[in-house]
Amino acid sequence: MEKLKQAVKEIAYYRHQAKFSKLHLSLLPFLSLASSLYGALLYIRQSLYRSGFFSKNRLPVPVISVGNLTWGGNGKTPMAEFIAKRLADYGISPLILTRGYAGGDEAKMLKRHLLGGPVKVGVGANRVATANLFFEKYGYVDYRGSKFFERTYLDPKMGSHVGSQKIGAAVLDDGMQHWSLCRDLEIVMINGLMPWGNCKLLPLGPLREPLIAIKRANIAVVHHADLVLEQKLKDIKLVVQEIKESLPIFYTRMTPSYFFELRNISTKMHLGAVLDAVVLCVSAIGSPYAFVRAMEKIGPLFVDRFDFSDHYSFQLKDIHMMRGRLRQLEDKFGYKPIVIVTEKDYDRDPEILKHLHPFKVLVLCSEMQIIPCNGCNEDSFKSLLKELLEV
């Protein structure tokens with residue numbers, strides 16, 4: 001199954017069929033048919049919402065949607081967390097609404113990051129029902145049109161004094177295609193490393209919707225921009241502005257912060273812990289290249305990698321394969337290599353990774369940062385949030 005998934009991904013991102021193997025070519029007719037059916041169903045669903053046949057729900061607080069037009073690796077969940085933390089800094093208690101897809105690795109990560117703080121995390125496919133449960137438990141307050149945000153925006157220190165348990169905003173993680181819920185701000189995330197692929201709809205290509213859907217967005221964010229050549233960033237900007245010229249574009253990166261050890265998650269380890277070490281990067285995420293590149297920049301002696309499809313749950317057979325590679329690396333370099341995984345991989349199933357003992361397993365923790373570019377920086381991003389809450 002992993003081989004099949006990899007082949008489908010390669011078809012989605014390769015533009016030249018001359019590079020395709022027999023497996024790729026045999027899949028093309030089925031993927032093309034499925035893509036046409038998907039496109040027809042997508043059009044019908046959109047039409048039913050536009051005509052009012054399917055109703056939309058509105059929450060009693062502002063809703064910020066963070067979504068994307070392609071599959072994995074776009075930084076949706078880190079951006080949802082980034083926004084929620086910025087709102088919390090100003091005393092507003094936000095609610096992140098997430099589906100808990102594929103074992104809920106992202107939801108588990110959010111809960112671990114935000115434990116004990118003012119940010120709440122609601123998990124469930126029905127976002128409206130999930131939100132209403134939290135409103136019943138904590139209450140809600142709509143700050144729009146008040147002077148509250150203006151005061152806290154000018155003086156962030158006020159946030160810790162004026163915050164309350166009442167929910168003041170909702171952040172919709174992976175919300176761009178969740179049309180049943182009205183939103184006040186639409187943020188579209190773009191993977192700078194692999195923006196559009198072959199520009200075909202799923203499953204022949206990576207697109208959940210045609211690129212024209214960018215018109216619905218209020219903000220575009222190009223993720224992993226630090227790993228992308230300047231010309232490619234210009235090409236992405238050109239595509240976006242051809243669709244919606246006035247759309248503000250921000251650029252983000254994931255910056256490594258520290259490690260924690262699998263068996264001692266409360267202790268933070270400096271990034272220098274892997275300097276001159278041999279490491280094996282193991283991940284089942286949407287953009288493994290970004291993870292491996294981040295590790296290479298930290299400065300280990302040697303970096304090897306095992307990539308699995310996004311949200312894949314490691315099995316014992318995978319652990320045996322990893323142990324085999326680790327023994328090869330140990331024989332080659334003369335000392336035990338270190339396994340590095342992402343937080344998503346840890347939160348998906350921390351127990352299975354313990355079977356890698358006696359090899360050390362470290363979890364890389366990173367945080368999203370906005371890269372200042374053409375006047376778009378963290379301050380201007382927060383200004384847009386401020387405008388939302390003053391409507």
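This is a chat between a biologist and a modeller about a predicted model.

Biologist: Let's begin with the layout. How is the protein divided?
Modeller: There are three pieces: domain 1 (1-51), domain 2 (63-248 + 376-390) and domain 3 (255-368). The C-alpha centres of domain 1 and domain 3 are 32 Å apart.

Biologist: What does UniProt place at residues 23-44?
Modeller: The UniProt record, an unreviewed entry, has "transmembrane region" there. In the model that span is 100% helix and 0% strand, and its end C-alpha atoms lie 32 Å apart.

Biologist: On to the rings. How many aromatic pairs turn up in the whole structure?
Modeller: The search finds 15 aromatic pairs. Take F53 and F54: their ring centres are 5.6 Å apart, which is within the 6.5 Å cut-off, so they pair.

Biologist: Why is the pair of F53 and F54 called tilted?
Modeller: Their planes meet at 45°. Stacked needs under 30 degrees and edge-to-face needs over 60, so 45° leaves tilted.

Biologist: And what makes F308 and Y312 a stacked pair?
Modeller: Their ring centres are 5.2 Å apart and their planes stand at 0°, which is under 30 degrees, so the pair is stacked.

Biologist: How do you know whether F308 and Y312 are buried or exposed?
Modeller: Buried means under 20% relative accessible area. F308 has 10%, so it counts as buried. Y312 has 12%, so it is buried as well.

Biologist: Back to F53 and F54, then. Why do they get the labels "exposed" and "partly exposed"?
Modeller: F53 has 63% relative accessibility, over the 50% mark, so it counts as exposed. F54 has 32%, between 20% and 50%, so it counts as partly exposed. Both belong to one aromatic cluster with Y49 and W179.

Biologist: How do you know that the charged end of K268 sits over the ring of Y258?
Modeller: The distance part is easy to check: the charged end of K268 is 4.7 Å from the ring centre of Y258, and the limit is 6 Å. K336 likewise lies over the face of F359, at 5.5 Å from the ring centre.

Biologist: What makes strand β12 largely enclosed?
Modeller: In β12 (residues 361-371), 8 of the 11 residues are buried, so the rest of the structure largely encloses the strand.

Biologist: Which strands pair with β12?
Modeller: Strand β7 (residues 249-261) pairs with β12 in the antiparallel sense over 10 bridges, and T252 has I370 as its bridge partner there. Strand β11 (residues 338-342) runs parallel to β12, joined by 4 bridges, with V341 opposite V363.

Biologist: Which loop residues have a positive phi without being glycine?
Modeller: C199 is one of them, with phi near 65°, and H311 has a phi of about 70°. C199 is in the loop between β5 and β6, while H311 is in the loop between β10 (302-307) and α10 (316-333).

Biologist: Why is C199 called partly exposed, and H311 buried?
Modeller: C199 has a relative accessible area of 35%, between 20% and 50%, so it is partly exposed. H311 has 13%, under 20%, so it is buried.

Biologist: Where are the cis peptide bonds?
Modeller: One joins L202 and P203, with omega about -10°; P203 is in the loop between β5 (185-191) and β6 (219-223). Another joins H357 and P358, with omega about 15°, and P358 is in the loop between α12 (350-353) and β12.

Methods
Residues numbered from 1 in each chain as written. Predicted model: local features only at pLDDT ≥ 70, side-chain atom pairs only at ≥ 80, totals over all residues. Heavy atoms only, no water. Phe/Tyr/Trp six-rings, centres within 6.5 Å; stacked < 30°, edge-to-face > 60°. Buried < 20%, exposed > 50% of the residue type's maximum accessible area, 1.4 Å probe, protein only. Lys NZ or Arg CZ within 6 Å of the ring centre and 35° of its normal. Domains from an automatic or database assignment. Helix = DSSP H or I, 4+ residues; strand = E, 2+ residues; numbered from the N terminus. Pairing = 2+ DSSP bridges. UniProt positions renumbered as here; feature names shortened; annotations may be inferred.
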